[in-house]
Amino acid sequence: MNKLMFATVVAFSMISGLAIAQEYKYQPSPNKAEYYFAKYKDGKNLNDLIDWVKNVEKNILNKTPEYENFEIVLLSPYFHRDLTSHDVIFVGLWPNSTEQYKGLDYWVKNGNDAMSKIPVVNHQIVDAWQWSVSVPEGEMGVAATRFSACKMKEGVTGRAMFDAYMDFAKAAKLKGDNLGRKMIFPTAGATEGVDYDFVYLLYANTVAELGAGSDNYWQNINGSAEDQKLGELLDGCFDYNTWIANKVR
């Protein structure tokens, strides 16, 4: 299924509250995300971008009700097949589209001066829906995330996939797992021509915990009934890449 068509159907289903939702075990709690893929301007780096965010937070975000629930994470590529395409991803997280577009409305009217000082050049901006599957316990420090593009087998729905991930995450937690998981559905701005149904995000509160979680999976979770169920629904995942994450707001 084409990812953009799939994401449109998913978004419509979430908004309209279709009756078929009762056929599924779990109800997703969707949130919105904006992904800004960027390159640093000459002589600039992550520290400059963090300083810019802190300045904007002090002078705009903290003084503007529209940004009360706005979170920011900066992702720097680490294990990646192409380290030349972009230096950083600015991720803006919102509870829903209403708050997202109120913030956007304010920014396009009042953010020009701040944007003139940003130390990066954006070359792609992607709007996305996100379904949270699990959230790690504890506070997030300098963290690690892993993304992959996934395709479901013919006839499998996103909601069925979500149910399987939820069952897997609950079972994994009983085996010591403390990783976060999200199903991400890119919409506007997404790259065309790549055949996948959703992006799978796996993340930990620290870099070390992502590695420990991987070992725990292979030692204690791999091959479980819940793990096998995922395999029955997934056609496969590809384009794995790992990022260092700094939550700055």
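1. A residue is called buried under 20% relative accessible area, exposed over 50%, and partly exposed in between. With 33% relative accessibility, D239 therefore counts as partly exposed. Please bear in mind while reading that this is a predicted model. D239 sits in strand β8, and its phi is positive, about 55°, although the residue is not a glycine. For background, most residues other than glycine have a negative phi. This is a spot you may like to look at on screen.

2. Now to the overall fold. Eight strands form a closed barrel in the order β1-β3-β2-β8-β5-β7-β6-β4, and their pairing is antiparallel. From one strand to the next, the twist averages 35°. Helix α2 (residues 46-59) packs on this sheet, where it touches β1 (30-40), β2, β3, β4 (120-134) and β8 (234-247). The direction of α2 makes about 175° with that of β2. Helix α6 (residues 207-221) packs on the sheet too, touching β5 (142-152), β7 (198-204) and β8, and its direction makes about 45° with that of β5.

3. A word on one pair of strands in the barrel. Strand β2 (residues 71-79) and strand β3 (residues 88-94) run antiparallel and are joined by five bridges. Within this pair, L74 of one strand faces F90 in β3.

4. Strand β7 deserves a careful look. Antiparallel β5 is joined to β7 by seven bridges, and antiparallel β6 by five. V199 in β7 is the bridge partner of A149 and also of I184. In a regular strand, side chains alternate between the two faces of the sheet. Here F198, Y200, L202 and A204 point one way from β7, while V199, L201 and Y203 point the other way. How many of the seven residues of β7 are buried? Seven of seven are, on both sides of the strand.

5. Y203, in β7, is a good residue to follow further. At 13% relative accessibility, Y203 counts as buried. Leaving out residues up to four places away in sequence, Y203 touches S134, V135, P136, A144, T145, L179, G180, R181, K182 and L210. S134 is 69 residues away from Y203 in sequence, yet their C-alpha atoms are 9.7 Å apart in space.

6. On to the nonpolar cores. The largest has 28 residues, and those touching the most other members are V133, M161, F162, Y165, M183 and F198. Two or more residues come from each of β4, β5, α5 (158-174), β6 (180-186), β7, α6 and α7 (225-233). α5 gives the most, with eight residues. Beyond its neighbours within four places in sequence, V133 is in contact with F162, Y165, M166, A169, R181, K182 and M183. A second, separate core has 22 residues, including V88, W107, V120 and V248.

7. Last, helix α3 (residues 97-110). At 1.5 Å a residue, its 14 residues should span 20 Å, and its end C-alpha atoms are indeed 20 Å apart, so the two values agree. Which residues of α3 are buried? They are Q100, G103 and W107. Viewed down the axis of α3, the buried residues fall within an arc of 70°, so they line one face of the helix. That makes sense, because residues three or four places apart in an α-helix point the same way. Among the elements covering the buried residues of α3 are β1, α2, β3, α4 (112-115) and β4. T98, V108 and K109, on the other side of α3, are exposed.

Methods
Residues are numbered from 1 along each chain as its sequence is written. This is a predicted model: local features need pLDDT of at least 70, side-chain atom pairs count only at pLDDT 80 or more; totals for chains, interfaces and linings use all residues. Side-chain values use heavy atoms; hydrogens and water are left out. Two strands pair if DSSP finds at least two bridges between them. Helices (H or I, at least four residues) and strands (E, at least two) are DSSP runs, numbered from the N terminus. Axes are lines fitted to C-alpha atoms, for helices over the stretch in contact, and angles run from 0 to 180 degrees between N-to-C directions. Contact means heavy atoms within 4.5 Å. A nonpolar core is a set of buried Ala, Val, Leu, Ile, Met, Phe, Trp, Tyr and Cys residues joined through side-chain atoms within 4.5 Å. Buried means under 20% relative accessible area, exposed over 50%, partly exposed in between (1.4 Å probe, protein chains only). The expected span of a helix is 1.5 Å times one less than its number of residues. The arc is that of the directions from the helix axis to the C-beta atoms.
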